[in-house]
Structures are given as structure tokens and as C-alpha cells.
Amino acid sequence: MQLSARNNFSSCDSPLSEAFRLALLDLDGVVYRGGNAVEHAAEEIESAQNHGMAIEYTTNNSSRFQAVVAKQLESFGLSVKPWQIITSSVVAARMVARHVERGSRVLVLGAEHLQEEVKRAGLQPVTSCEDNPKAVIQGWYPKMTWQEMAEVSFAVEHGAKYFVTNRDLTIPRELGIAPGCGSMIQAVINATGVEPIASAGKPESAMYDEARLLVAANSSHSENELKEYTEKDEFGNPVISIAHSLAVGDRLDTDIEAGTRGGYESLLVLTGVTDPRMLMLAPAHLRPSFVAKDLRGLNESHMAPKRVDNNTFVCGSAKAQLTANSIEVNDASDLNALRAACALAWSLQDSGERIENYELPEFSL
């Protein structure tokens, strides 16, 4: 199944945790903020698991070990196995292992976690172009040097297959916004003229695809239970189907876009980066299937807005209406009103209107 870019929300009569078998949860802004748990996150994840939903945690971070992240989540009261943490290092190493022979040398620019994942994938990490690597994986870590960047460029110029952990242009640090992995990748592209074959991080969907494989391989469910929602990948391995998987995140341009690219239904939570205005302004490829204030939405049913006429959408008792050059809602504290306002704003965009020219409602959810 391949979802097209969205023009409205989906509807789900049962709680999402019952309708889907796997939740692909982003971490920062969804489950935690720095060292602190997001409100309601832990108890709602536990409730979803009690409904039979498998949980995988996905992050573009390529430097933190899975066990370290799992320990942090356990401090919130969650029961988490390290294999449930899907980092871009895990995905990148598994990705490269499909493109080169087992035991091949791979030049690795990244933290210790990335080095270890390359070894775990049956490959030999090296640090110099003179080691004649078959592939390159470029990640990010704070102490990376110009010489390491140069080695990546030299190896790519000599024909090594080029892979990257993520293409985030910036990364938030204690003192402000700093260049991220994507900025470093662009430097290599500028030097070599070669684009990476693939990126492991969101907004590519590879992370979600790997998570579906890993949960099928490690799940405690019986084979008969898995049959209901698994299929086979191109190599004959069991994988939870896309139709039974739900991408969950707080960012439109990573979490939700990755869902759209991969054909996944998605849930946006408003506990992180995205606010109601950003959601109303979202272009088609960044629109989620569902929206919730927080992870309580994982255990709730969801109503899709309905069009009344060209100027009006309703969602339950909430209403959004176009009046002159503004969108007005009957209750700015109602999530259903946001859903209706989004449906109206998206409809205007899709008909060729510049939604930035309209006055949009301010929500206090």
C-alpha cells in the first residue's frame, strides 16, 4: 500500500492502539524532552502495549547507544529492550550490509555506536581511504575533524558506495543551533560531486521499514498471532505490514514526511516542534493522518472532519468556517476545531489559494 499526499485526516472508530499493531514512536518531543518525560507519555505507551500494540522507538540520533536510551526510558517507568530503539546507526549499518559482501571494509565517520553497529552487521569498520573500503557511512559526532571528512571524500572519489545516517542540516546544542550531519554531508557532495545512495534517517522511510523487520524478528508474539499482521520482505523475512504500522511524531518535515514517503498512516502529537499554525499551513506531503494533543491520542478513536460546503468543515460539534479572508472556529480550545480548521485550510491550499494570506485562528489547546 502506498499512501498519496494527504488532503484530509483519516477516521478511526476504534482506538489507534487497537487498529494498528505497531507504533513507530519518535523520541524527542514525543516521549521525552531532554532528560524529562513528556506528560502522559509513559502511561499511554504502557496502555497501548496492554492492547497488544508493539512499540518501536525511532530517532535520527546516530551517537547514543540503544542500551543508554532504553535505560532513560526505563527511568520513566517503561519496560524497554535495547532492540526496540531504532537509531540511524542501526539502520545505516543494516542498509550497507545489503549492498556489500559480508566482511567488507566500510569507512565509518561517526561515534562509537555507529562503529559497533557496523561490526554487528558483519562488516569491518576502517578509518582511512587507504584501507580500500567498499562503502562509506558518514554520521555525526561532536569531535569530528577535517581529516575525517577528507577521508570520506577521498573514499567516495575512489568509488566507495556512499551512505549517510541522516541529512538534518542543523542540530540543537546547549548554546544554540549548530551544523548537523546534513551540513557535513553537503561538504562531501561539494568536494566529490557524488550524492549519497541512501540516508538512514527520517524523512526517508528506511528507519520505519527496518523497525518493522526488527519487531517481527524479536517479538514475543506467537507465530499464529504474527500471521495476522505480517508479510514477507524481498528476502523472505517476516515483517509487520505497513497497513498495520503507525508512524508517530512531533515534526512534520521528518516524522510525518517519512510516513508519507513510505506509505504509512501517521499520528502527529502537539508536544514538540509542531504547533497548530504550522499544521494548518502544511503542504500535502507533510500532513498527518491523525492529530492529538499528546500520546493519549494513541489510545483514542479519531474523527475525520466533514465538508459542509466550500467554506465550512465540521468535526463533531466543532466548526471551521471561511469568513472573508479569515478562518474562524467556534471553539479555539477544541482539538476537533483544529481538525476542522486544518481540513478547510488544506482545501484552500489544494484549490490554489495562498493560505498565508488568510487570517488563521489561534488555538489554546
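# Bridges, crossings and buried residues

User: What is the bridge partner of V106 in β7?

Analyst: In strand β7, V106 has P125 as its bridge partner. This is a predicted model, so local features need pLDDT of at least 70 and side-chain atom pairs count only at pLDDT 80 or more, while totals for chains, interfaces and linings use all residues. Residues are numbered from 1 along each chain as its sequence is written, and side-chain values use heavy atoms, with hydrogens and water left out.

User: How do you know that β6 and β7 pair?

Analyst: Count the bridges! Strands pair if DSSP finds at least two bridges between them. Strand β6 (residues 105-109) is joined to β7 (residues 124-126) by three bridges, so the two strands pair. They run parallel. The names come from DSSP runs numbered from the N terminus: helices are H or I with at least four residues, strands are E with at least two.

User: What makes β6 and β8 a pair?

Analyst: Here too we look at the bridges. Four of them join β6 to strand β8 (residues 135-138), again running parallel. Within this pairing, L109 stands opposite Q138 of β8.

User: Why do β7 and β12 count as edges of their sheet?

Analyst: The open sheet has five strands in the order β7-β6-β8-β9-β12, with parallel pairing. Both β7 and β12 (198-199) have a single partner strand, so each has one side without a neighbour in the sheet.

User: What makes β6 mostly covered?

Analyst: Four of the five residues in β6 are buried. Buried means a relative accessible area under 20%, exposed means over 50%, and partly exposed lies in between (1.4 Å probe, protein chains only).

User: Which helices lie on these strands?

Analyst: Helix α6 packs on the sheet, where it touches β6, β8 and β9 (161-164). The direction of α6 makes about 145° with that of β6. Helix α7 lies across β8 and β9, and runs at about 140° to β8.

User: Why is α6 called oblique to α7?

Analyst: The axes of α6 (residues 146-157) and α7 (residues 181-192) come within 10 Å and cross at roughly 45°. Axes are lines fitted to C-alpha atoms, for helices over the stretch in contact, and angles run from 0 to 180 degrees between N-to-C directions. Angles under 35 degrees count as roughly parallel, over 145 as roughly antiparallel, 65 to 115 as roughly perpendicular and the rest as oblique. The crossing falls in that last group, so α6 is oblique to α7. Among the residues in this contact (heavy atoms within 4.5 Å) are M149 and S153 of α6 and M184 and V188 of α7.

User: Why is S153 called buried?

Analyst: S153 sits in helix α6. Its relative accessible area is 8%, so S153 counts as buried. Leaving aside residues up to four places away in sequence, S153 touches V188, A191 and T192.

User: Why are α4 and α8 called roughly perpendicular?

Analyst: The axes of α4 and helix α8 (residues 206-218) come within 10 Å and cross at roughly 85°. That value fits the range for roughly perpendicular, and therefore the two helices get this name. On the α4 side the contact uses S88, V90, V91, R94 and M95, and these meet A206, M207, E210, L213 and L214 in α8.

User: What makes β16 mostly covered?

Analyst: Five of its five residues are buried. E265, L267 and V269 point one way from β16, while S266 and L268 point the other way. Strand β16 (residues 265-269) is also joined to β15 (residues 245-249) by four bridges, and the two run parallel. Two bridge partnerships here are V248 with L267 and A247 with S266.

User: How do you know that T274 is buried?

Analyst: T274 has 3% relative accessibility, so T274 counts as buried. T274 belongs to the loop between β16 and α11 (276-280). Its contacts, not counting residues up to four places away in sequence, are D250, R251, L252, L268 and L279. T274 and R251 are 23 residues apart in sequence, and their C-alpha atoms are 5.8 Å apart in space.
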